[in-house]
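Please explain this structure to a first-year student, in formal running paragraphs that lead from one part of the chain to the next.

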Amino acid sequence: MSVSHYTYYGNGYVLEYTDNGTTPCESWILLPAENLWPKALRGFLYIVALVYFFLGVAIASDIFMASIEVITSKKKKIVMYDPEKKETEEKEVLIWNETVANLTLMALGSSAPEIILALGETALKLGQEVNDDSLGTFTIIGSAAFNLLMITSICIVSVPTPDVKKINEYAVFFVTAAWSIWAYIWMLIVVNYSSPGVIDPWEAWVTLGFMPVFVLMAYLVDNGCKCCRKKKVEDEEGSQDHIRIMTHVTRRGSFAGHATAGKELHMLELEKQQKLSHEKDHDQTNAEDRLVKMEKGSKEPQQSFARARNHKNINTSIMNKARFRHAVVSAMTGTKKRVGSGHKSARFAELVKQVQNINQASKEGKMPAGDLYGKFTFASDRYAVLESAGKLTIDVLFHRNMPKAGMKAQAMNGDMMTFKNGSTQVTSIPATANPASKHTMEQVFEGTVTVEFETREGSGKAGKDFKYQTGSLTFKDTEYRQSITIDIINDNQFENDCDFYVILKNTTNGTSLGDPSVTRITIVDDDEPGEFQFEAPHVYADLSSGKVKINVLREHGVDGKVTMEYSTIDGTAIGGSSLSKDVDYIQSSGTLEFKHQETYKTIEIKINKEAKCLPSMGSKNFVIALKNPSLGAKIGRSAVVCHINKESIEDRIAEVIKEEEEDEPVTWPGQFRNAMSIEGGQDEDGNDVPPTFMDYLLHFLTFFWKLIGAMVPPTTMLGAWPSFVFSLVYIALLTLVIEQLGHLLGCVVGLKTSVTGITIIALGTSLPDTFASRTAAIQDEYADAAIGNVTGSNSVNVFLGLGLPWVLSSMYAYATGKEYKVPSGNLTQSVIIFSTLGALCIVLLVIRRKYVGGELGGKNPFIKWGSSITLFLMWVIYIVLASLKAYDILDWEV
């Protein structure tokens, strides 16, 4: 039996027939008569539209995150008493506490699509009787499962072996982990036990009220841990590397011109060092001058910092993950990939050119010439070969023909024929003429003849550079050319180019030797011992361990054993043989030895933990220099300034932000220019590279969303609050469309709403965070930015993402004298499954911290991959069980 459904439009009706008990798909975004289209086509179009709108949400969320970063980076001035100086001083501190900002605005930034989806869906259905599962609710649960299980799984294996990374703020993580589990247990209590299938106003308000309680507890734990432990110098020193530099200027690669995320100080320094290390015009003398200035305590950096401070904000490391999320969104919108520097290929091309030059010179050397009838000669008196070639083939010619007088004169004047042997081109008089020719020859040397050959040492040694060889060549009656293959010995050790010789001797049957009867072979060494340099131009002592560690890197080649010397030089710090009140560090010198393919060495210098800064010159420092590398090795950055105490932080900040002071401030016109333009990336040498096809494609796909994003006020306007509000509205509008598309997709393909929420919608909203977490796991020092805030975001999803819709719906129902009912069957089972697996995931992380040393990475590949696969299987189990329950294939009562 079919049922008729009428839909009225301005120009008439649409009549649809459906099976009894079913209704056509309904949505305010449906086109007229769209339900009459083929279902396969509609399903495909809905999936494409979802992907397109997910790109828009990613861009809008990126703008939202940028505004939050600026807001949370604001500072205020306070007056504090300094017990060391015994006086009060004015200091700048962050207005937002790290933990509070991370669990409120920052968590809201990463969870905004899910929260707005749930709230928007509720608002659209306000006052209606709800019989179906909520897409927003299941998106929140599915996103939480994906974030906790899948993102953690990916991050565990993303950390390179054997590195191990752990969560730094572990106490806060433990509290947020406990709250994230409690959030879903509370959801289960409300939906299934307290008032089954009904959300009472008090339950809704308690759910929302958990949010400030949760934030307050995390704040107290964080603040209590800091207050209870003694304020140690190493805490302050260590924290300086995590100071973030926030800028309100347009950054290269920003998708719509908005201020992109700030970066940690040590990351900015590392980027600057990498750029400097590849600059071709780097002047070592200028570098040494700067070192001298540092030794003398130059005040220029402090002055630069004071000037830069007017338009720079310094923030702590709560926004690490935001930085990586910005990078992911930039890549999604067609920016910017780094490509290889091409150093190896350039080096190989240089060596090949050297070989070709030597072989080209053979044309100017001795070639077979003169009266050569009945004589043996080499085709050329010189050859060149790369050491790695392993073999070289050279030609021996027997001149059987007696040319006519005219032809002989031409031969004497250089009119030669050409022979080709591999890549080597040699020239000789005609040796392949037909003996029966009536036009060219008077006399032919007939019969079989032989000649012996032998290799002889020059600067190249037999058994070390080439294989000693001897033998004889037999030329039959019709043969004019034979080849000798010489074995070249390839090793890994760099050495100068060397020569050896091959001679002809002991001819037979009336033959003799012509000129050249000796050929010189040059072996071009293609081993590359590399360039050695300090990893950074500045390093800072670890006052907790009483040491400063300096890394020496080997780049652009790893062949052979290389040695070099190092030594310390006093700067404003005084060195000595043992630490004392007047000695700031232990003077050291020695030899570094890099074995074949070894790329990394560390120098450790003991320092005085009690070293104080100098009132007149600031930070104490000394210099370590590299010198006297072994043959073939090169020295890049040959000196590093080692700072002993923390007072040089201003110098460091001023140094990394100096180049950004001239950037264009963010303006609305600037945002539109950036949104409509496309740029390529930069290679490792800092050179611009043109956009690729993928850059153009992604720019085309995201162009509309970037234009809309450019309409959002810049983050420099009114403290970024307008940007915060308008980007939030941008996200809300997009999620409303996504909510409708999700329902339509489920309607067309028969996918249950709960399954759509925990799979397609949850994955679409979580992918930017997935890539950002993976990048953070690889690049950050700790695991906080990768997985440390996952539990906090999951808690916020429940307390805000469900608390706000529940309060809105329950209060509306209370005002109208009704009850706010929610379907509890699928929701209950999904919450139980996730809560169980989530608790197991946290237990696994705790076990890893105890026995592996950290939540991410690990030395043992079996444990590392085993942990990752276990979490992946947990997520698969959650999806499968929740889906089976949604389709009533698996049913159980709680």
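**A guided reading of the model**

Helix 19, which spans residues 790-801, is mostly covered: 12 of its 12 residues are buried. The model is a predicted one, and every value below was computed from it. A residue counts as buried when its relative accessible area is under 20%. Among the residues of helix 19 that meet this criterion are the nonpolar Val790, Val796, Val798, Phe799 and Leu800. The buried set also includes Thr791, Ser793, Asn794, Ser795 and Asn797, together with Gly792 and Gly801.

The cysteines may be considered next. A disulfide is a covalent bond between the sulfur atoms of two cysteines. Searching the whole structure yields 1 disulfide, and the residues joined by this bond are Cys25 and Cys747, with an S to S distance of 1.8 Å. The two partners come from distant parts of the chain, 722 residues apart. Cys25 belongs to the loop between strand 2 (12-19) and helix 1, whereas Cys747 belongs to helix 16 (residues 721-749). The torsion about the S-S bond of Cys25 and Cys747 is about -95 degrees, and the disulfide is therefore left-handed.

How buried or exposed are the two partners, Cys25 and Cys747? Cys25 has a relative accessible area of 11%, so it is classed as buried. Cys747 has a relative accessible area of 33% and is therefore partly exposed. Two further cysteines can be described in these terms. Cys498 is buried because its relative accessible area is 6%, and Cys841 is buried because its value is 0%.

Cys498 leads to the strands, for strand 20 covers residues 498-505. Strand 20 pairs with strand 17 in the antiparallel sense, over 6 bridges. Within this pairing, Phe453 has Leu504 of strand 20 as its bridge partner. Strand 17 (residues 449-457) is also joined by 6 bridges to strand 18 (residues 470-475), and these two strands run antiparallel. Here the bridge partner of Glu454 is Thr470, in strand 18. Strand 17 thus has strand 18 as a partner and strand 20 as another.

The last stop is the surface. Leu31, Leu36, Trp37, Leu41, Phe44, Leu45 and Val48 make a nonpolar surface patch of about 650 Å². One of these residues, Leu41, lies in helix 1, which comprises residues 39-72. Leu41 has a relative accessibility of 40%, and for this reason it counts as partly exposed. An α-helix has 3.6 residues a turn, so residues three or four places apart point the same way.

Conventions:
Residues numbered from 1 in each chain as written. Predicted model: local features only at pLDDT ≥ 70, side-chain atom pairs only at ≥ 80, totals over all residues. Heavy atoms only, no water. Patch = residues over 30% accessible without salt bridge, like charges linked within 9 Å, V, L, I, M, F, W, Y side chains within 5 Å. Areas by Shrake-Rupley, 256 points an atom, 1.4 Å probe, with all protein chains shown as cover. Salt bridge = Lys/Arg side-chain N within 4 Å of Asp/Glu carboxyl O. Helix = DSSP H or I, 4+ residues; strand = E, 2+ residues; numbered from the N terminus. Buried < 20%, exposed > 50% of the residue type's maximum accessible area, 1.4 Å probe, protein only. Pairing = 2+ DSSP bridges. Disulfide = S-S within 2.5 Å.
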